[in-house]
Amino acid sequence: MTKDRDFDRIARAWLDLMPDEAPDRTVAAVLHAVDATPQVRRTWGRLTWRSIAMNRTAFVLGAAAIVVAAGALVMLRTGPTSNVGSPPTPSATIPPSPSPAGAAAPVPGELQAIWMGEHRDLVAPDAGSLIEFRENTFAHAQSAGSSVQLLQSTAAATGDRQLRLVSAAAGDGCEQGDIGTYSWSLNPSGRNLTVTHELDACQARADAIAGDWWLMGCTTPDDNCLGALDAGTFSSQFITPRLKPGESWSPVFGALTYTVPDGWANASDWPESFELVPASELPPIDEANRRRHINLLTRPSAMTQDKPCSDMVEPGVGRTIDDIVTWLGTVPGLITTAPTAITIDGHPGQWLDVRLDPAWDKTCDGGSGPMVAYLNPGIAISSDERERVLLVDLGDDDVIAIAVWARDKAAFDSFIPEAMTVIESFTFK
């Protein structure tokens, strides 16, 4: 179930903008904010049939009402303005800028992509960054939490692995027409980009672009995850394990850091969930052929069994690790192992393995067979599946769940050693 979007927060940001552009541009900006607002997507373990897209009609109507009131503000302000970005879903991308006249050569095809990386000075203090190259343009942006373009420039290839950027307008520390030259290199897989500053009249752009970047290679259209990974250590852009109930989401780059060997992929990165899978099982692989994944979920709670698959919390069951582990041993239809202590990144936790009782014959609405949904925000098990559920206490009442899922016992037994090595590499900010 998609979480309602925060209308008040976006409305305030829009009103603070006090645009000086024409009303039709204003309407477009507000509608873009609707598409760019973060949503907490339901995961249901692997059960994508539980995800329901939000009907945004009500928000669009509300935004249109703001346009009427704010139209008067257009007349009250002149001169350049600073953009206020709305928090986006991972699907937000940088719109194209006009192609430059007389470009030396198009940006090489292998660079024409979104590249994600660590914090840079022009974005919010805790957020990561991205850069995007198109055929003749370049822009920088915050990777999560803002859809505002920064450092918009024309871009051209001027030689072997050489680029020239020219500022399209004054702003973000640059003057219009500022020229920068850069060299670049890709690793053998083409997933890791290094940009080196040669000379730039705009130091802010040099600071923002130089360094190492990861390809945004997510195969899910509405997500800005990394997709297939090389062996190495990577950081999340969206998930926020320490977000308190009722708090507004804001980006925390590297809230989760993890290390993987060759053959792994980041399949999703959302404010409340994060998924790693074997690269061979990245979407859009047919669901019947998905066999394994690791799914990290924030703020787990016991799902009531009085109303199966209802997303409601079981009354009287707390959210501590001991509360949840004890309760799991009582859930009808589940067979669980004894809990085992574990420590991840210095944080205490417990894990237990879960499977469906062969005698269980109940299901969820829309399910195709026996199933038990047992943890919010969406962990369920059915058929011959196996899951290892790890609960980790990050302190200050922040508990996370990590679910290792496999389609059957054979896949589970072979996957667990590698999955646990990856999980034990997790660090949390």
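These exercises deal with salt bridges and aromatic rings in a predicted model. Residues are numbered from 1 along each chain as its sequence is written, and side-chain values use heavy atoms, with hydrogens and water left out. Local features need pLDDT of at least 70, side-chain atom pairs count only at pLDDT 80 or more, and totals for chains, interfaces and linings use all residues.

**Exercise 1. Find the salt bridge of Glu132 and state how accessible each partner is.**

Step 1. Apply the rule: a side-chain nitrogen of Lys or Arg lies within 4 Å of a carboxyl oxygen of Asp or Glu.
Step 2. Glu132 pairs with Arg134; their closest N and O atoms are 3.1 Å apart.
Step 3. Sort by relative accessible area: buried is under 20%, exposed is over 50%, and partly exposed is in between (1.4 Å probe, protein chains only).
Step 4. Glu132 has 10%, so it is buried. Arg134 has 25%, so it is partly exposed.

**Exercise 2. Describe the salt bridge between Arg291 and Asp408, and place both residues in the chain.**

Step 1. The closest N and O atoms are 2.7 Å apart.
Step 2. Helices (H or I, at least four residues) and strands (E, at least two) are DSSP runs, numbered from the N terminus.
Step 3. Arg291 of this salt bridge sits in the loop between strand S13 (273-278) and strand S14 (292-298). Asp408 sits in the loop between strand S22 (399-406) and helix H6 (409-423).
Step 4. The two are 117 residues apart, so the pair links distant parts of the chain.
Step 5. Arg291 is partly exposed at 31%, and Asp408 is partly exposed at 21%.

**Exercise 3. Explain how Asp413 and Lys409 are spaced in helix H6.**

Step 1. Their side chains form a salt bridge, with 2.7 Å from N to O.
Step 2. They are four residues apart in helix H6, which means about one helical turn separates them.
Step 3. Asp413 is partly exposed at 41%. Lys409 is partly exposed at 47%.
Step 4. Now look at another group: salt bridges with shared partners join Lys244, Asp396 and Asp398 into one network.
Step 5. The whole structure has nine salt bridges.

**Exercise 4. Name the members of the aromatic cluster, then find the charge over Trp351.**

Step 1. Rings of Phe, Tyr and Trp (its six-membered ring) pair if their centres lie within 6.5 Å; planes under 30 degrees apart are stacked, over 60 edge-to-face, and the rest tilted.
Step 2. This rule gives seven aromatic pairs.
Step 3. Ring pairs link Trp214, Phe234, Tyr258 and Phe274 into a cluster.
Step 4. A charge sits over a ring if NZ of Lys or CZ of Arg is within 6 Å of the ring centre and within 35 degrees of the ring normal.
Step 5. Arg388 lies over the face of Trp351, 3.6 Å from the ring centre.
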